[in-house]
Amino acid sequence: MSTIKRILVTGGAGFLGSHLCERLVEQGHDVICVDNFFTSQKSNVVHLLDHANFELVRHDVTHPLWLEVDEVYNLACPAAPGHYQYNPIKTMKTSVMGSINLLGMAKRCRAKILQASTSEVYGDPQVHPQPESYRGSVNPIGPRACYDEGKRAAETLFMDYHRHNRVNVRIVRIFNTYGPRMHPYDGRVVSNFIRQAIAGENITVFGDGDQTRSFCYRDDLVEGIIRMMNGPDEFIGPVNIGNPGEFTILELAEKVIELTGSKSKIIHQPLPADDPTQRQPVIDLAKKHLDWEPKIALAEGLEKTIAWFKTIDVNEYRAPTP
Ligand code: NAD
Ligand code: UDP
């Protein structure tokens, strides 16, 4: 029988965090979800409140937190460009001060702590596809830097707490992930395209649509990060978790139109500054050390996501507020 652990999930009310909480609650762990609801809604976790092993705390991780836990999954951070650029200084604080507060707590409690890092640490990559050994090409002064550099600084903090304070850390670099419970107005490509297609609005492809992304379905992703947390202590990462299937944004738009049966037309809008031209993970390390690889193909994942979007009232989702 597996041991019951006290597990803190920061950003636990968000798109990925709420699914992670669900999985951990199902496994019988005592789960504390901490969130300031900057980019999420209570509706993401309200169904978990009935469980005796789930607790919800409204808290901002840029402030210290005193809890007794065995494990921490640090997901607190706005993830969509429109969200993290809303208050870029706060985004950087969330990654840096949030990591310092949580690493300090992990050190005191002797807890294991996992950082949700990102493929954005590779910036606009000059090496393709991206292995973990690639050090990236990030513009440190651009509009994406608050997120990319914040996450890079967080990785540095995790490694230094590990080397100097023997904190048991894990670092996961997450590539574009999608699925039910994405915020319909987060501005990310999958949520935008599906919302637009269902509403019969124009599908907004930024630039010529030749830029690529690799899209991972949220269940595969959550499985990967749980495996990393529970993986061997010799393998702390960073590890890429993502789906190596690479698609152009134009291909994604066409797939969404096909799967929704929408009459929406594709229109082109200007490409945002520093938009990476390509992105695809090398997942050899995850395969080798975690026996993990994604199982859900893009079409299948999109179908599930479209089905969920059809059940929600998008007007009930609010824009991020401080
Ligand atoms: P999300 O915006 O749905 O979730 C982030 C959560 O963190 C939200 O609930 C938000 O309210 C909370 N939060 C933000 N700032 C906070 C603060 N200061 N204190 C407490 N809570 C705070 O995004 P997501 O897609 O679920 O992303 C979760 C994590 O995974 C993030 O750290 C993100 O950087 C990382 N990630 C996600 C993706 C992806 O494609 N979804 C890709 C790479 C990395
Ligand atoms: N994108 C797009 N139309 C949209 C939203 C995004 O063409 O309505 C493009 C965006 O320019 C980028 C890609 O889709 O090239 C992925 O964008 P997203 O914000 O989802 O993720 P990220 O750029 O952080 O990988």
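This is a short walk through the structure shown above, from its two domains to its strands, its ligands and one loop residue. Please keep in mind that the model is predicted.

Let us begin with the overall layout. The domain assignment splits the protein chain into domain 1, made of residues 6-177 and 217-241, and domain 2, made of residues 182-213, 244-276 and 297-316. Taken over C-alpha atoms, the centres of domain 1 and domain 2 are separated by 25 Å. Where the domains meet, 16 residues of domain 1 are in contact with 12 residues of domain 2. On the domain 1 side, helix α2 (residues 81-84) gives the most to this meeting place, with three residues. That side of domain 1 divides into seven nonpolar, seven polar and two charged residues.

Now step to the start of domain 1 and look at strand β1 (residues 6-10). Four of the five residues of β1 are buried, so the strand is largely enclosed by the rest of the structure. Strand β2 (residues 30-35) runs parallel to β1, and five bridges join the two. If you would like a landmark, find L8, whose bridge partner in β2 is I32. To get from β1 to β2 the chain passes through α1, and this β-α-β crossover is right-handed. β1 also pairs with strand β4 (residues 71-74), again in the parallel sense, over four bridges. Here I7 stands opposite E71 of β4.

Further along the chain comes strand β6 (residues 169-174). Six of the six residues of β6 are buried, so this strand is largely enclosed by the rest of the structure. Both of its faces are covered: V169, I171 and R173 are buried on one side, and R170, V172 and I174 are buried on the other. β6 has parallel pairing with β5 over six bridges, and T118 stands opposite I174 in β6. Together, β5, helix α4 (residues 145-165) and β6 form a right-handed β-α-β unit. Strand β11 (residues 239-241) also pairs with β6 in the parallel sense, this time over three bridges. In that pairing, R173 stands opposite N240 of β11.

With these strands in mind, turn to ligand 1. There are 29 residues around ligand 1, and G11, G14, L16, S40 and I174 come nearest. The elements that give two or more residues to this shell are α1 (15-26), α3 (88-109) and β5 (112-118). Of these, α1 gives the most, with three residues. You have already met I174 as one of the buried residues of β6. By class, the shell around ligand 1 divides into 13 nonpolar, 14 polar and two charged residues.

Where does ligand 2 lie with respect to domain 1 and domain 2? Both domains give residues to the shell around ligand 2, so ligand 2 lies between them. This shell has 15 residues, of which R188, V189, N192, T204 and F206 come nearest. α5 (189-199) and β8 (203-206) each supply at least two residues of the shell, with the largest share, three residues, coming from β8. Eight residues of the shell around ligand 2 are nonpolar, four are polar and three are charged.

Helix α5 deserves a look of its own. Nine of its 11 residues are buried, and the helix is mostly covered. Among the buried residues of α5 are V189 and N192, both of which also come nearest to ligand 2 along with R188, T204 and F206. The buried residues of α5 pack against β7 (177-178), β8, β9 (212-214), α7 (249-260) and α9 (298-311). After α5 comes G200, whose phi is positive, near 70°.

Our last stop is E132, found in the loop between β5 and α4. Is E132 buried or partly exposed? With 19 C-beta neighbours inside 10 Å, E132 counts as partly exposed, because a residue needs 20 or more to be called buried. Leaving aside neighbours within four places in sequence, E132 is in contact with R173, P238, V239, N240 and L285. R173 and N240 are the residues that stand opposite each other in β6 and β11. E132 also links distant parts of the sequence: E132 and V282 are 150 residues apart in sequence, and 7.7 Å apart in space, C-alpha to C-alpha.

Technical notes:
Residues are numbered from 1 along each chain as its sequence is written. Chains are lettered from A and ligands numbered from 1 in the order in which they are written. This is a predicted model: local features need pLDDT of at least 70, side-chain atom pairs count only at pLDDT 80 or more; totals for chains, interfaces and linings use all residues. A residue is near a molecule or strand if its C-beta atom, placed from the backbone, lies within 6 Å of it. Ala, Val, Leu, Ile, Met, Phe, Trp, Tyr, Cys and Pro count as nonpolar, Asp, Glu, Lys and Arg as charged, and the others, Gly among them, as polar. Domain bounds come from an automatic or database domain assignment. Two residues are in contact if their C-beta atoms, placed from the backbone, lie within 7 Å. A residue is buried if 20 or more other C-beta atoms lie within 10 Å of its own, exposed if 12 or fewer, and partly exposed in between; C-beta atoms are placed from the backbone. Two strands pair if DSSP finds at least two bridges between them. A crossover is right-handed if, with the strands pointing away from the viewer, the path from the first strand over the helix to the second runs clockwise.
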